[in-house]
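Let's walk through this one together, starting from a single side chain and working outward to the place where the chains meet. Keep the viewer open as you read.

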Amino acid sequence: MLKIWSMKQQQQKSDAASGQTKKKKVTAAQLRVQKDLSELALPGTMKTVFPNPDDILNFTLTLTPDEGLYKGGVFNFTFAITQNFPHEPPKVKCKEKIYHPNIDLEGNVCLNILREDWKPVLNLNAVIVGLQFLFLEPNASDPLNKDAANDLMTDRDRFKRNVRSAMAGGAVKGETFDRVMK
Amino acid sequence: MAATMQPEAVAPTTNGHNSSGRARWKYMDTLLSRPGAYTDPDDFVPGAVPIGNVEQSHVLVIGAGGLGCEILKNLALSGFKKIDVIDMDTIDVSNLNRQFLFREKDVGKPKASVAAEFVMQRVPSCKITPYVGKIQDKDEDYYMQFNVVVCGLDSIEARRWINATLVGMVDENNPDSLKPLIDGGTEGFKGQSRVILPTMTSCIECQLDMHAPRAAVPLCTLATIPRQPQHCIEWAHIIKWEEERKDLVLDTDDPEHITWLYEKALSRAQEYNISGVTYSMTQGVVKNIIPAIASTNAIVAASSCNEAFKIVTSSATFLGNPGLNNYMLYTGDSGVYTYTFEHQKKDDCPVCGNLPKDMLLNPESTLGELVESLAERPESQLKKPNLRTEEKTLYYSAPASLEESTRPNLKRKLRELLADGEDFAVSDGAFDITFRYTVRYT
Ligand SMILES: [Zn+2]
């Protein structure tokens, strides 16, 4: 086994002799994110913002649902991707304080593929589709905001009213939410 | 590799987990404890080192089918003790004639776990960890734990994937990142075993032309100008069935269905004066049967495991030494013929040739000109490229916001954006691979 490596080093020496200088390489995570971005198919209801265009590992996704209970709102999610991507999933948080059964008041998102069901074969597109789905089909079965989940489960009309007033910057059960209307 | 299999009835206590432990490996120990005619005095230190290497090497076996059963058996009986095996398939009754680790009661169970169980029962000192699933489920961290990867696959796609993964893992600062890949393959009486030292030798992608591609005949040929008996069968299969028996789902195991196709194919062949259509050919074409011959599997697996053993022990020159042979071709249909040769690494290999390639550039030209030239490069024809260095996003065609913020770079001179010798990567949604280049200013 050692022999293979010494042969490899010999090959490299001859490469170095031929004038190659080693500069920083594009990292595997960058390569992967670049590829994911080149394959991204964003519908009109979503756009990305890169605060530092040179850093593709950190960006914001803006979601403006055009149907469902959250229609008319503007929701921003930060994506923070480490060099361990795609071994590790991206860290995704909602920037606004919103009333949603699967998003807590800190902006943490309960989406299976962001945690337990993440696999390196999944890509950013899968995450984005998953987020979009949360706004079309909020689900009460794995709640992060228990009050909201409870409302959704027991009284869908009240849940709808609460969503509207929270989106307008109002309070639900004494908790004031961010105004997210367009 | 001396035979290390002890007749269990004669020596029931020498199965490797008794107190002395080594009795079962007596002959292998003898082999590894002395220099021999083929040992390299600089690399082979007889005794504990090579013996320890066999015991401690962590080997990944991909595939637990016809080849995989042979490979697992060979490795275990050669003294390897840490093996993982991956296979996503379950056992079918038709496997039982050659996949000898499986019994009738195992039909329907996963190959990887049944094979691991069986071998561990016979060789208790060997620990085999099965994974039932796809190789693609696993990431680089997983593959990093192995010392050698031995493949016995029937899928080219899977081979390409593991090859690209292992090539991509090579880190020039980490000797452990280089995983020798030993690939066995069989088709009927023919087979091959080859050793790939990722980034050092020709890789599976370089050797892709060694696999005859499954001849997909254009539909128009089938429909209008059949030339071979197979064309007539495919015509009956793809076109005629849809026309006349659309509501019936074709069951390739139903003799009535095969007979129907055979008769349609035969009459079409007569119409075009083509001979050779038979019932069994019809069955073969429709079911896409590649005959599997137990002895071909045994020979190819023996060669593959022999290479694994030589690589970890340095007890003899293995295939894949750069500049030496890396490919053993076996042909069994006229005697037993093997031909061993060096398959050359391809500079334009999209996987191992895709290590950053030098690109000659004029520092005074613009990034826009570079992007245009990428669309014309024969290997890539990148129409919607995303380009970056480690530090900078040079130009991204997508998503829209990055296109907008990087568009001004198109007018800038390369010397303002890229240093001489710097690497940049180019991706395009239409390509699986990312192209990498090193800037060389002229
Ligand atoms: Zn290659």
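Start at A:Lys35, which counts as buried at 18% relative accessibility; here buried means under 20% relative accessible area, exposed means over 50%, and partly exposed is in between (1.4 Å probe, protein chains only). Before going on, a bit of housekeeping: this is a predicted model, where local features need pLDDT of at least 70 and side-chain atom pairs count only at pLDDT 80 or more, while totals for chains, interfaces and linings use all residues. Residues are numbered from 1 along each chain as its sequence is written, chains are lettered from A and ligands numbered from 1 in the order in which they are written, and side-chain values use heavy atoms, with hydrogens and water left out.

Back to A:Lys35. Its side chain meets that of A:Glu39 in a salt bridge, 3.1 Å from N to O; the rule asks for a side-chain nitrogen of Lys or Arg within 4 Å of a carboxyl oxygen of Asp or Glu. The two sit four residues apart in helix 2 (residues 28–39) of chain A, so about one helical turn separates them. A:Glu39 is partly exposed, at 29% relative accessible area. Helices here are DSSP runs of H or I with at least four residues, strands are runs of E with at least two, and both are numbered from the N terminus.

Now hop over to chain B. B:Arg245 pairs with B:Glu256 in a salt bridge whose closest N and O atoms are 3.2 Å apart. B:Arg245 lies in the loop between helix 8 (229–244) and helix 9 (255–271) of chain B and B:Glu256 in helix 9, so the pair ties together parts 11 residues apart in sequence. B:Arg245 is buried at 17%, whereas B:Glu256 is partly exposed at 41%.

Another chain B pair reaches across more of the sequence in its own way: B:Arg415 and B:Glu364 form a salt bridge at 2.9 Å, N to O. B:Arg415 lies in helix 14 (residues 414–417) of chain B and B:Glu364 in the loop between strand 9 (357–361) and helix 12 (367–376), so this pair ties together parts that are 51 residues apart in sequence. Both ends are partly exposed, B:Arg415 at 46% and B:Glu364 at 40%. Elsewhere, salt bridges that share partners join B:Arg22, B:Asp29, B:Glu55 and B:Lys81 into one network. Over all chains, the search finds 23 salt bridges.

For a polar side chain away from the solvent, try B:Gln192 in strand 6 (residues 190–196) of chain B, buried at 11%. Its side chain makes a 3.5 Å polar contact with that of B:Asp183. That term covers a pair of N or O atoms within 3.5 Å; within protein, one must be able to donate a hydrogen and the other to accept it, and residues adjacent in sequence count only if both atoms are side-chain atoms. Leaving aside neighbours within four places in sequence, the contacts of B:Gln192 (heavy atoms within 4.5 Å) include B:Arg159, B:Val300 and B:Tyr327.

Finally, the interface. Contact takes in 55 residues from chain B and 35 residues from chain A. Together the chains bury about 3800 Å², 56% of it on carbon and sulfur atoms; buried area is the accessible area (1.4 Å probe) that two parts lose on being put together, summed over both. B:Glu172, B:Met200 and B:Glu390 supply 17% of the area that chain B buries against chain A, more than any other three residues. How many salt bridges cross the interface of chain B and chain A? The rule finds zero, though 10 residue pairs are in polar contact there (both at pLDDT 80 or more).
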